[in-house]
Every structure is written in structure tokens, then in C-alpha cells.
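Please open the structure in your viewer and keep the selection tool at hand. The tour below goes from stop to stop, saying what to select and what is there.

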Amino acid sequence: MDKKSYVFQQSHISVIGLFCAFLSLCLLYFNKNGVFIDKVICINSLQINKSDPCGGRYIYVYDLPPRFNIDMVTECKRNQKTSGMCTFTMNGGFGPPLNNTEGVLSDHGWYATDHFNVEIIFYNRMKRYECLTNDSSIAAAFFVPFFVGFDLARYIGDFNVSVRDAGSIEVVNWLLTRKEWKNMNGKDHFLVGGRPTWDLRRKTDENSDWGNKFLSLPAAKNMSFLLVESSPYGLNDFAIPYPTYFHPSKDSEVFEWQERMRKTERKWLFSFAGAPRPGDPNSIRSLLISQCNNSRVGKLLECTVADERKCRSPSNVMKMFQRSVFCLQPEGDSATRRSAFDSILAGCIPVFFHPGSFYTQYTWHLPKNYTTYSVFISNNDIRKNVSIEERLSRIDPKTIDMMREKVISLIPRMIYADPDSKLETLEDAFDVSLKAIIRRVTKLRQEMIDGRTNDDLIEIYGWKYALMEQGDYAAVREWEPYFPKLKPVNSSAQSVINKQEEQT
């Protein structure tokens, strides 16, 4: 941008900003007479400036004290709990580069990425975002770069709850002092965390209880949280993809990989990579392992203690997925698992057994119709000994080809590209997530201007709203039996739920 156009643009911004301030004063004056609302929020003024390519897209990144992010990474070796994670924090959170010694990967862009490192990856990508601003008055949203997952990892074991909560409480208290927070009471703020939602929703203050209580802090409930797994009963946390091993730097690297996955010969009808969960009575993993072992067209990569290194090898996992038509994706330690994204990266059609593992999670990144890219077999069907081989064998080859093509087309939206160079024609998981959070904040801001609130939304139905934003009312009905119906807190809440059920 040349100097003249820059000066003109800044002048234009200033004029619009002054107009918004004048309008706010006028409305505040009228409010004294009971005519208008008592607070006015000026919509991002650059949305009006059509000549600005960043209009409506500016992000304000807080300059948090480094102890809340970078220091955790640079000092990780000093903490016994996180010392094993240090290797995986290099290269902007991608981890050490992977060598394509077995020919399973491509020659560029592959790293041994830890699946909980998304907050570090997102932060390093955000630093290179083309629409950053130090002017909070034109920001579409505010990014809080607190490595909440890494902070939790330092204290998650034998530390008392006050130690586990200290960082989260300190960050929230720091934000409450900022003028940027006060404009919308934090509703225009978002944070990225590399942990499932349950790690941040501790229910009690007993030291034996798991995790911390960041998401339960009153002020934090106004923020939006982008996590690798969201709560089906939450309103302000949203699922974004787990990081995979592939972080391309050019469109051509993505296209070449997609074409290779189209041409890969797939020997196995279905496969499963994972360990049994003998201590979990609800797990179906042992049943899946049994079906894989008893099928001539099934393949198993069992992650027992003795064979754990096999499953930790990206080449082993990707090799099996690339040679499989379908990849079984039951629930992991929680509802979701990183393996689902690895299977998509390999062009393997995922098979899910509970909607909370994928369909009600990554709604920003997925097509509305789940049947175009996946197969669903309920947990109950597996417990009734329904044959996976028989069910998958009935799918027409042409349908399989279309499904695989859809899976392969989803690859760009499931990966995090190298921040040192930007994909030109493709949107990756970062791009999709950031666009979605800007849309959310813009909607919330407009609702506040219009005097509307979301107070009538019932948190126990959080998973429904995510689908309904896509207009996917059929899925709301289809998945309802899979989510326990929690009791509303009062009769007023019950009436709202009844009304919403009528609409769905």
C-alpha cells in the first residue's frame, strides 16, 4: 500500500469512527429520556469501507504477559510434567520433521505433531495473519493467546485445585481490567485451547477431581472457546480439528497429496487403530477389535502396551489407513479422537458409532449431510453383534467412490498449513475457524445493538444450536436419542425448551 492511499484510508477510518462516537453520544442522550438502549456498540467501521480488504476481518491480539504463553514453552523442560512435550513444541508447535523413509508420506510438510498442540499452532499462525490491528475500535474480534491446555498440563496430576486454577483466574482478572473487554463484556473475545472441553470444566473443588475450572468462571462464560472437543451441553465452546501430521506450505502440496490418495490401492475393507478399554463398560472397542480379527477383509493396528510404539508411528498409522476403504472411529478417551482426522487425511472413509464423536462437534468444518463422507453404525448395533463387514459390503462401489472423493475434498479444511507461507486458493482449518468466530462475534454484536440477547438459549441443548445454525433440523431429531436429556433448571426454561422442540 503506498503512503497516499494509507493516509487516505486512515483518514476515512477516523471520520467513520468519529461518526460512530457522535451517534453513540446521541443515543445515550436519548436514552436518558427512556427512548433508546443505554449502550451502543458501533459495528466494525471498516465493514463500511469497501476498499479495505481487511474490513470486518481485523483481529486484535492481546499482548498477554509471556508467562501465559511463550514462557510455558521455553521453560517446559524445567517442569517434569511437561518435559516430555518439549520436543513437540518446536517448529511453531508442529514438532520435529518426519522423514519419508517408508514412502508412506510425501517429501515435504510432515511433522510428528502432538494432537494437543493446536493452541501453539494457532498462536503462531495468528502472528502472521494478514489483518491484525492494534486499534481495538476496528477489531472484528479479540484473541486471547493463553495456552490454557499447556498450563493445565503442568499441574494436572498431583497438584491441588488452587494451583491448577491459578493461571486461568489470573488471565480472567487481567482481562477484566481492560477497556476492550468492557465494550461487550468479553462476548467479542475468543481463546484457543488444545484440550477437550472436559479438562476445563471441573465440577468440584476436590483435589481428586480432574482438570481446572476455566470454563466455569463467570467472566469466561462470555468468551468463545475453540477446543479440539466441545461440550454437547455448552453454548460458548466450539470444536476445531485436532492437528494431523501434514502441514503443507503450498497449494500444490495439498493437490499432489489428494491425487495420490485418489489413486492409492486399498487392500482392506475396514481397519481400526486403537487399544481396548477394559475398564470402561460403555466402550465398544473390544468388540471392534474382535470383528477386525475375525474378518478376512479387516485390519487391526492394536495399540496395547507392548505394541504402543507401533501406533505412535505416523507411518504405521497412515500406511494402514491409506490401504483401507473404511476406518473405524469409536470414541476415544473422550467422545472424539485425533485418529478421525488422520483417516480423512488418508482418504479413508470414517465410520462413526456416536454422533458426539464428529457430527455434532466440527460443524464449522463439515458438510451438513454426514452420509456424503462417512458411515454411521450405532454403538447399540455393535453391542447387538451387527456385522461391520456385512454392513459395509452392502454399500455400492459407485457410492464408495463418491464418498471417498468427498473425504479427499475435505482434507484442506482438516489440516493446519505452515504459517511461514500461505495457501493461495485453499482454506485450511485455521481459516475456517477464524471466519466462523468472526461471524459469531458479528452476530452477537448486532444482537446487542438490536437489544436482543441469547438469554433464552438453554445450555443443555448446546449441540442442537450448532446444527440448527446450519439449518440441519433433521439431524437434530436424528441425534437426540444419543444425548441424555438433562432436567431444565426451572419452569421458564422448560417452556423455552418446549417451544424449541416444536420448531425442530
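Select N385, which is found in the loop between α12 (379-383) and α13 (388-393); helices here are DSSP runs of H or I with at least four residues, strands are runs of E with at least two, and both are numbered from the N terminus. N385 has a positive phi of about 70 degrees although it is not a glycine. Most residues other than glycine have a negative phi. With a relative accessible area of 63%, N385 is exposed, where exposed means over 50% relative accessible area, buried means under 20%, and partly exposed lies in between, for a 1.4 Å probe and protein chains only.

Before moving on, please note that this is a predicted model, in which local features need pLDDT of at least 70 and side-chain atom pairs count only at pLDDT 80 or more, while totals for chains, interfaces and linings use all residues. Residues are numbered from 1 along each chain as its sequence is written, and side-chain values use heavy atoms, with hydrogens and water left out.

Next, select N185, which is found in the loop between α6 and β3. N185 also is not a glycine and has a positive phi, of about 55 degrees, and at 41% relative accessibility N185 counts as partly exposed.

Stay in this loop, between α6 (179-182) and β3 (189-196), and select D188. Is D188 buried or exposed? With a relative accessible area of 0%, D188 is buried. Leaving aside neighbours within four places in sequence, D188 is in contact (heavy atoms within 4.5 Å) with A141, F142, E180, N183, V441 and R445. If you add I438 to the selection, you have a residue 250 positions from D188 along the chain, with the two C-alpha atoms separated by 8.6 Å.

Now colour the whole chain by secondary structure, and 18 helices and 10 strands should appear. Of the 504 residues in the protein, 54% are buried. Among contacts in the protein with a separation of 6 or more, 72% are between residues 24 or more positions apart.

Helix α3 (residues 118-126) is the next selection, together with helix α15 (residues 429-449). Two packed helices are described by the angle between their axes and the distance between the axes. Here the angle is about 80 degrees and the axes are 11 Å apart, with axes fitted to C-alpha atoms over the stretch in contact and angles running from 0 to 180 degrees between N-to-C directions. The two helices, α3 and α15, are therefore roughly perpendicular to each other, a term for angles of 65 to 115 degrees. Where they meet, F122, R125 and M126 in α3 face F430, D431, S433 and L434 in α15. By class, this contact of α3 with α15 has 4 nonpolar, 1 polar and 2 charged residues, counting Ala, Val, Leu, Ile, Met, Phe, Trp, Tyr, Cys and Pro as nonpolar, Asp, Glu, Lys and Arg as charged, and the others, Gly among them, as polar. Helix α3 is mostly covered, with 9 of its 9 residues buried.

Keep F122 selected and turn to the rings, of which the structure holds 33 aromatic pairs; rings of Phe, Tyr and Trp (its six-membered ring) pair if their centres lie within 6.5 Å, with planes under 30 degrees apart counted as stacked, over 60 as edge-to-face and the rest as tilted. F122 and F143 form a tilted pair, 6.1 Å centre to centre with 50 degrees between the planes. This pair links distant parts of the chain, F122 in helix α3 and F143 in strand β2 (residues 141-143), 21 residues apart. F122 counts as buried at 0% relative accessibility, and F143 is buried at 2%. For Y359 and W479 the ring centres are 5.3 Å apart and the planes are at 15 degrees, so this pair is stacked. Both Y359 and W479 are buried, and they belong to one aromatic cluster that also includes F341 and F358.

Finally, select F214, which, not counting residues up to four places away in sequence, touches F146, V148, S168, V172, L191, L200, A220 and F225.

Note on methods
Angles under 35 degrees count as roughly parallel, over 145 as roughly antiparallel, 65 to 115 as roughly perpendicular and the rest as oblique.
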